[in-house]
Amino acid sequence: MAVALLVGVLAASGCAAQDAEEPKTSTPAGARSLDQHQLETARLTRAEATDYVHGLGAETPKDMTGAETDATPEACVPAITVLRRGWGEGAVGYSVLNLGDRDGGATTRSVKLTTYPAGRAEKVLASVEASLRKCPSVVFRAGTGGGPVEARLTVEDHAAPGEEALRATMVHTRDGIENHVVYEIVRAADVLCFFSATGGFGSTLSKEKKAEFMPVLKDELISRQVAKVEAALKAAS
């Protein structure tokens with residue numbers, strides 16, 4: 001199953017019934033969400049993201065609007081909407097961190113944190129997964145203009161920190177350039193941590209060369225950011 005639920009087992013039989021009703025999770029007890037200020041302080045700092053060039057995105061909660069996603073088939077719309085924006089319907093907080101390669105590589109990375117009302121983050125992630133399951137290929141219009149983009153989508157099983165996680169890859173070719181985007185969405189309580197890595201290279205390159213330039217989302221980066229969000233949730237409780 002693409003969404004990996006990292007939850008503890010229920011209390012052993014013989015314990016109080018009220019204990020058995022509440023599964024333990026890796027997310028600290030207490031606050032289930034963060035306000036805008038707490039979300040911003042939960043971003044990785046320049047010192048914490050030493051492997052990358054650090055830059056804050058210009059987007060703020062007021063930018064969380066936009067036209068309807070133009071994608072076909074219709075089953076793909078929930079997935080493409082979130083993958084392209086980095087946030088799902090109902091989000092009440094939004095914070096962006098852009099990371100580049102220190103060695104000058106072509107891969108660009110984005111970390112977006114969004115916070116939701118109680119239970120909404122879980123529903124957004126479930127909607128994205130269900131959409132991806134029905135969407136091996138999609139046609140959508142890129143925000144940068146030009147003609148429609150025809151892309152292939154895949155979902156991967158991938159263990160990650162947090163309560164559940166989803167990883168997907170999008171591939172499309174335009175003007176002889178093969179574009180690859182790797183996405184990961186991790187849920188910690190009612191906060192979604194959205195990661196993406198984008199890279200492009202000539203479609204005629206050998207498989208070996210393509211592998212060399214393929215964008216990568218490092219597990220260490222994901223773990224570090226999710227851990228900081230979980231610490232913020234604990235501090236807010």
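Strand β2 (residues 52-56) pairs with β4 in this predicted model. The two are antiparallel and share five bridges. Within this pairing, H54 stands opposite L99 of β4.

On to the next partner of β4. Strand β5 (residues 108-115) also runs antiparallel to β4, and eight bridges join the two. Here G93 has T115 in β5 as its bridge partner.

The table sets out both pairings.

| Strand paired with β4 | Sense | Bridges | An opposite pair |
|---|---|---|---|
| β2 (residues 52-56) | antiparallel | five bridges | H54 and L99 |
| β5 (residues 108-115) | antiparallel | eight bridges | G93 and T115 |

How many of the nine residues of β4 are buried? Eight are, so β4 counts as mostly covered.

Now the cores. The largest nonpolar core holds 32 residues. Those with the most contacts inside this core are I80, L132, V138, F140, L153 and I185. Helices and strands both feed this core: among the elements that give two or more residues are α3 (77-85), β4 (93-101), β6 (137-141) and β9 (177-188). Which element gives the most? That is α4, with five residues.

L132 offers a close-up. Leaving aside residues up to four places away in sequence, L132 touches A79, L83, L153, V155, L166 and A168. L153 is also listed with L132 among the residues with the most contacts inside the largest core.

A second core is separate and has 27 residues. Its members include Y52, A165, L217 and V229.

Notes. Residues numbered from 1 in each chain as written. Predicted model: local features only at pLDDT ≥ 70, side-chain atom pairs only at ≥ 80, totals over all residues. Heavy atoms only, no water. Core = buried A, V, L, I, M, F, W, Y, C linked by side-chain atoms within 4.5 Å. Buried < 20%, exposed > 50% of the residue type's maximum accessible area, 1.4 Å probe, protein only. Helix = DSSP H or I, 4+ residues; strand = E, 2+ residues; numbered from the N terminus. Contact = heavy atoms within 4.5 Å. Pairing = 2+ DSSP bridges.
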